[in-house]
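User: Please take a close look at one part of this model, the open sheet, and place it in the context of the chain.

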Amino acid sequence: PGKNLRVVVTRKLPEPVETRLQELFDTRLAADDAPMNRDALAEAMASADVIVPTLGDRIDAGLLGQAGENLKLVANYGAGFDHIDVATALSRGIMVSNTPGVLAEDTADMAMALILGVPRRLKEGAALIQSGEWEGWAPTALMGHRISGKRLGILGMGRIGQAIARRARGFGLQIHYHNRTRLRTETEESLEATWWESLDQMLARVDILSVSVPHTPSTFHLLNARRLKLMKPTAYVVNTSRGEVIDENALTRQLRAGELAGAGLDVFENGHDINPRLKDLENVLLLPHMGSATEEGRLEMGEKVIINIKTFCDGHRPPDLVVPAML
Ligand code: 8YV
């Protein structure tokens, strides 16, 4: 039955994933690495049974309204689904699936890279060598701050937050977290994590804050100017989830005013359009959304997409359906 299922993939995916999709389904692959524009997306959604979008493809109510009767599944290549209007999709009988789990460990590694790299001034150190200006070791050169013994605040204790906590304990960090729901006692104890019901109270006490909440209407600008101001001027902010969770202009202003010690960001509020006043700063380490970019992870994401489509095609409920309760 798969061979009759029309699947449209919006972006270039790793070759083995594309090959497998073509073996199993009547798959139309992306012609090049560029994102599809809105017209091409609309056309794809009019003709496909299943669409495989990625981050950056805005599947909004307008596009869903133009989708053909045949479109039944949006099988997102990625964990975050804030670019998809899930409620409208469901109201039109279109299911939405994602790829949770397989990118948690890689994203947590990248969060750790930033948690270690910003206080220890990796960017400045590397730049000094690159510029040819390094004149040799000196006792007071490039002194950063110790990681061990500090308090790490994790905002969002889902799979990624917990993977960060497990790693961070090995670096001697004390784990604090804020999450809508408290972890089960066994999980909390195994992570030696302290739950804060009040985000504001936690913010005032941590030395490093790492963000791992999804972007939803209730997390948009959760870290606004007021909350950022609650943090210690010696504290660092790390974000590997979605840029929209932090008011980037407010963060930039506070970093420039010396009211925060530094930031490590893998995601930005306006995609790749980054505030130039943020880019200028020495104490920020900015990465181009690389959190889950490993060869292994990208293949596993592809496998998840394929399992979701295959299960749907076999007449069952795809395992990674996104439900409104998650919004
Ligand atoms: C990926 C991500 O780059 O999965 C997510 O939510 O933000 C990223 O890790 C994305 O999945 C690619 O579609």
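Analyst: The model is predicted. Six residues of domain 1 are in contact with seven residues of domain 2. On the side of domain 1 that touches domain 2, one residue is nonpolar, four are polar and one is charged. Domain 1 covers 2–102 + 294–326, and domain 2 covers 104–286. Taken over C-alpha atoms, the centres of the two domains are 31 Å apart.

The sheet in question is open and has seven strands, in the order 8-7-6-9-10-11-12, with parallel pairing. Strand 8 (193–195) and strand 12 (284–286) are at the edges; each has a single partner strand, so one side of each lacks a neighbour in the sheet. Direction ignored, neighbouring strands of this sheet are turned by 20° against each other on average.

Within the sheet, strand 10 (residues 236–239) and strand 11 (residues 262–265) run parallel and are joined by four bridges. Valine 237 has alanine 263 of strand 11 as its bridge partner.

The record adds an annotation: in an unreviewed entry, UniProt lists residues 112–291 for "domain: D-isomer specific 2-hydroxyacid dehydrogenase NAD-binding". This span is 33% helix and 16% strand, and its end C-alpha atoms lie 10 Å apart.

The model also holds a ligand, and the residues around the ligand are Thr54, Leu55, Tyr77, Gly78, Ala79, Gly80, Leu103, His289, Gly291 and Ser292. Four residues of this shell are nonpolar and six are polar, with no charged residue.

Technical notes. Residues numbered from 1 in each chain as written. Predicted model: local features only at pLDDT ≥ 70, side-chain atom pairs only at ≥ 80, totals over all residues. UniProt positions renumbered as here; feature names shortened; annotations may be inferred. Helix = DSSP H or I, 4+ residues; strand = E, 2+ residues; numbered from the N terminus. Near = placed C-beta within 6 Å. Nonpolar A, V, L, I, M, F, W, Y, C, P; charged D, E, K, R; others polar. Domains from an automatic or database assignment. Contact = placed C-beta atoms within 7 Å. Pairing = 2+ DSSP bridges. Axes fitted to C-alpha atoms, helices over the stretch in contact; angles between N-to-C directions.
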